[in-house]
Amino acid sequence: MRIEQKKNFVFLGEAGSGKSEIAVNVACMLGKKVPHGRKVHFFDLDQTKPLFRSRDVRGQLEKEQVTVHFDRQFLDAPTLVGGVAEHLRDERHVVILDVGGNHIGARMIGRFSELLNQENTVVCFVINPYRPWSKDLRSIDQTLSSILQVSHIEKVEIISNPNLGADTSEEEVLAGHRRVMDLISEKMPVSCLCVRRELYEKVRRKIGLSVMPMDLRMQYGDI
């Protein structure tokens, strides 16, 4: 995935897939890369109440010149942050949407489908094969099909993100990635593999695919 070639980025994925970590990393990369005069805006639209939320690293994002948008939820009532459509349209703004992977999150972005289906936007679905809901093609297909149906998104790129946490080994990354490729590559192309920065050089030499180094920013001690 060539992040310099797009203006808007959407990250979808089931809980535990690592989509928020990837979204935060891409936002920080863009904060350093975007031309002068453009601003990076990060929208935390995750409605699934996960343990880790991108809004919790707001301070790190702001240090990288990224403006963070989110709205507080009351109980389980879904909320939609204001200004999404305006920022998606504005050529002065680079936009990242971190969206919950289930049908609720997908339905929320359905109202923006006309904008998200344009050439300046990439929609990414993150797969972590070490999570139970991505254990087989049927599980992945059910989730992805429901997301595409309610969101009206026409094209999705697959991101392989095999990990078991901060101590994931090179062997586990490679084995997990092979599983993603075996499960999905004949159905949809996999655009890139994400890997912890410490393993980047070792893994990159063994993968015939774009590899994105990741800094683990969303770590909460022993939680």
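The following conversation goes through several features of a predicted model and the criteria behind the words used for them.

Colleague: What should I know about the model and its numbering before we start?

Modeller: The model is predicted, so local features need pLDDT of at least 70 and side-chain atom pairs count only at pLDDT 80 or more, while totals for chains, interfaces and linings use all residues. Residues are numbered from 1 along each chain as its sequence is written, and side-chain values use heavy atoms, with hydrogens and water left out.

Colleague: How do you know what span is expected of helix α1?

Modeller: Helices are DSSP runs of H or I with at least four residues, strands are runs of E with at least two, and both are numbered from the N terminus. The expected span is 1.5 Å times one less than the number of residues. Helix α1, residues 19-33, has 15 residues and reaches 21 Å from its first C-alpha to its last, which is close to the 21 Å expected.

Colleague: What makes you call α1 largely enclosed?

Modeller: A residue is buried under 20% relative accessible area, exposed over 50%, and partly exposed in between, with a 1.4 Å probe and protein chains only. In α1, 13 of the 15 residues are buried, so the helix is largely enclosed by the rest of the structure. For strand β7, seven of the seven residues are buried, so the same conclusion holds there.

Colleague: How do you know that β5 and β6 pair, and where does β7 come in?

Modeller: Two strands pair if DSSP finds at least two bridges between them. Strand β5 (residues 121-127) and strand β6 (residues 157-160) have four bridges in the parallel sense, and C124 has E157 of β6 as its bridge partner. Strand β6 also pairs in the parallel sense with β7 (residues 190-196), over three bridges; I158 stands opposite V190, and S160 has L193 as its partner. On β7, four bridges lead on to the parallel strand β8 (residues 211-214), where V211 stands opposite L193.

Colleague: Why is a β-α-β unit called right-handed, and which elements make such units here?

Modeller: With the strands pointing away from the viewer, the path from the first strand over the helix to the second must run clockwise for the crossover to be right-handed. One such unit consists of β5, helix α6 (residues 137-151) and β6, and another of β6, helix α7 (residues 170-184) and β7.

Colleague: Why are D44 and R53 called buried?

Modeller: D44, in strand β2, counts as buried at 1% relative accessibility. R53, in the loop between β2 and α2, has a relative accessible area of 13% and is therefore buried as well. Each can also be placed relative to D98: the C-alpha atoms of D44 and D98 are separated by 5.1 Å although the residues are 54 apart along the chain, and those of R53 and D98 are 9.4 Å apart, with their positions 45 residues apart in sequence.

Colleague: What makes Q65 exposed, whereas H152 and W133 are partly exposed?

Modeller: Q65, in the loop between α2 and β3, has a relative accessible area of 60% and is exposed. H152, in the loop between α6 and β6, has 48% and is partly exposed, and W133, in the loop between β5 and α6, is partly exposed at 34%. W133 is 118 residues from A15 in sequence and 9.1 Å from A15 in space, C-alpha to C-alpha.

Colleague: What about phi in Q65 and H152?

Modeller: Most residues other than glycine have a negative phi. Phi of Q65 is near 65°, a positive value, and phi of H152 is likewise near 65° and positive.

Colleague: What makes the second largest pocket a pocket, and which residues line it?

Modeller: On a 1 Å grid over the protein atoms alone, a pocket is an open set of points with protein on both sides within 12 Å along at least five of seven lines, and lining residues have an atom within 4 Å of a point. Its volume is about 210 Å³, taken as the space filled by probe spheres set on the points. The lining includes K6, N117, E119 and E157, and β5 gives the most to it, with three residues. By class there are three nonpolar, three polar and five charged residues, where Asp, Glu, Lys and Arg count as charged.

Key
1 Å grid on protein atoms, 1.4 Å probe; cavity = no way out; pocket = protein on both sides within 12 Å on 5 of 7 lines; lining within 4 Å.
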